[in-house]
Amino acid sequence: MKLKYNQKSNGMYLLNRRNFDEIAINLLQTYMPEVLGLPRSVNIKRLAEDCLFLTIKDQMLSTNDSILGMTTFADVEVPCYDDCFTPTKLSVREGTILIHSGLLWDGNNTRRRYTIAHECAHWILHRSYHSPNNRQYSFRAPPVIACRKENIERSKFGFQSDNDWIEWQADGLAAAILMPQNTFWQKSKSLLRGYGKQFLIAGQQSYAGFEIIEKLSETFEVSKQAAQIRLQQLGLIRDEKYSNY
């Protein structure tokens, strides 16, 4: 997928949140136009494997669930663990997404889906940063991105290093892919109208708010946390001081 955004000298794209929605809509319009018509869950596994030609492997990446995903930009050996929690190395090909096998357990489906989307976003956005010579493997950065739990489905980021920007970009694009702007807005406004509201107020816990977030979570097959963050990003959860605007 060719991107036409400005880049820093190190190959990193200069992006804002509006760009994430643009990229996601272009991606989905090309491969899954049906999800842009009606609010529904995106088949992220099919998008990764059949559209982006990535390979998804489930592997124990950490013993304390601290690392949830990895993306490889070259044929490489990655550190991981076997079923007995013994440190080992796994040989994988370029274009492999490794998902922490702990996310296969019951109750982790939405986190697993979001992690796959997050890793797809790294593949789309950050190959030019990790392989500046166009797949000649003259790597400026390590040929693997390891994504920690705290960088996935995150509401706030610090921006002190390239890695901070990389994780922010991947998380923003993941949200835009799993919760496309137009259909997420459509479903959210419909639910809000059903409770006689135009938006929710940050910090106000209400039955309507819980119900709306839960229904969005079910419709798009994302966590409640991800749905809430997306509502905030689209201005549908507002700070009380701005509630009259």
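## Second pocket and neighbouring helices

By class, the residues lining the second largest pocket divide into 7 nonpolar, 7 polar and 3 charged. The structure is a predicted model, and every statement below concerns that model.

The second largest pocket has a volume of about 340 Å³, and its lining is made up of 17 residues, of which I201, Q204, Q205, G209 and I213 lie nearest the centre. The elements that contribute two or more residues to this lining are β7 (200-201), α6 (207-220) and α7 (224-233). Which element gives the most to the lining of the second largest pocket? That element is α6, with 4 residues.

Helix α7, one of the elements just named for the pocket lining, also has a set of buried residues, namely A226, A227, I229, R230 and L231. R230, which has its place in this helix, counts as buried because its relative accessibility is 3%, and the cut-off for burial is under 20%. When residues up to four places away in sequence are not counted, R230 touches D21, A175, A176, M179, P180, Q181 and F184. Just after α7, G235 takes a positive phi of about 75°.

Helix α2 (residues 44-51) has as its buried residues I44, L47, A48 and C51. These residues lie on the same side of α2, because they cover an arc of only 120° around the axis. The helix is followed by F53, whose phi is positive and near 60°, and a positive phi is likewise found at G235, just after α7. The two helices and the residues that come after them are set side by side in the table.

| Helix | Buried residues | Residue after the helix | Phi of that residue |
|---|---|---|---|
| α2 | I44, L47, A48, C51 | F53 | positive, near 60° |
| α7 | A226, A227, I229, R230, L231 | G235 | positive, about 75° |

Helix α4 (residues 162-178) contains W165. Is W165 buried, partly exposed or exposed? With a relative accessible area of 33%, W165 is partly exposed, since that class lies between the limits of 20% for buried and 50% for exposed. Although W165 and L15 are 150 residues apart in sequence, their C-alpha atoms are 9.6 Å apart in space. Of the two residues whose accessibility is given here, R230 in α7 is thus buried at 3%, whereas W165 is partly exposed at 33%.

Conventions. Residues numbered from 1 in each chain as written. Predicted model: local features only at pLDDT ≥ 70, side-chain atom pairs only at ≥ 80, totals over all residues. Heavy atoms only, no water. Buried < 20%, exposed > 50% of the residue type's maximum accessible area, 1.4 Å probe, protein only. Arc of directions from axis to C-beta. 1 Å grid on protein atoms, 1.4 Å probe; cavity = no way out; pocket = protein on both sides within 12 Å on 5 of 7 lines; lining within 4 Å. Points joined across faces, edges and corners; volume = space filled by probe spheres on them. Nonpolar A, V, L, I, M, F, W, Y, C, P; charged D, E, K, R; others polar. Contact = heavy atoms within 4.5 Å.
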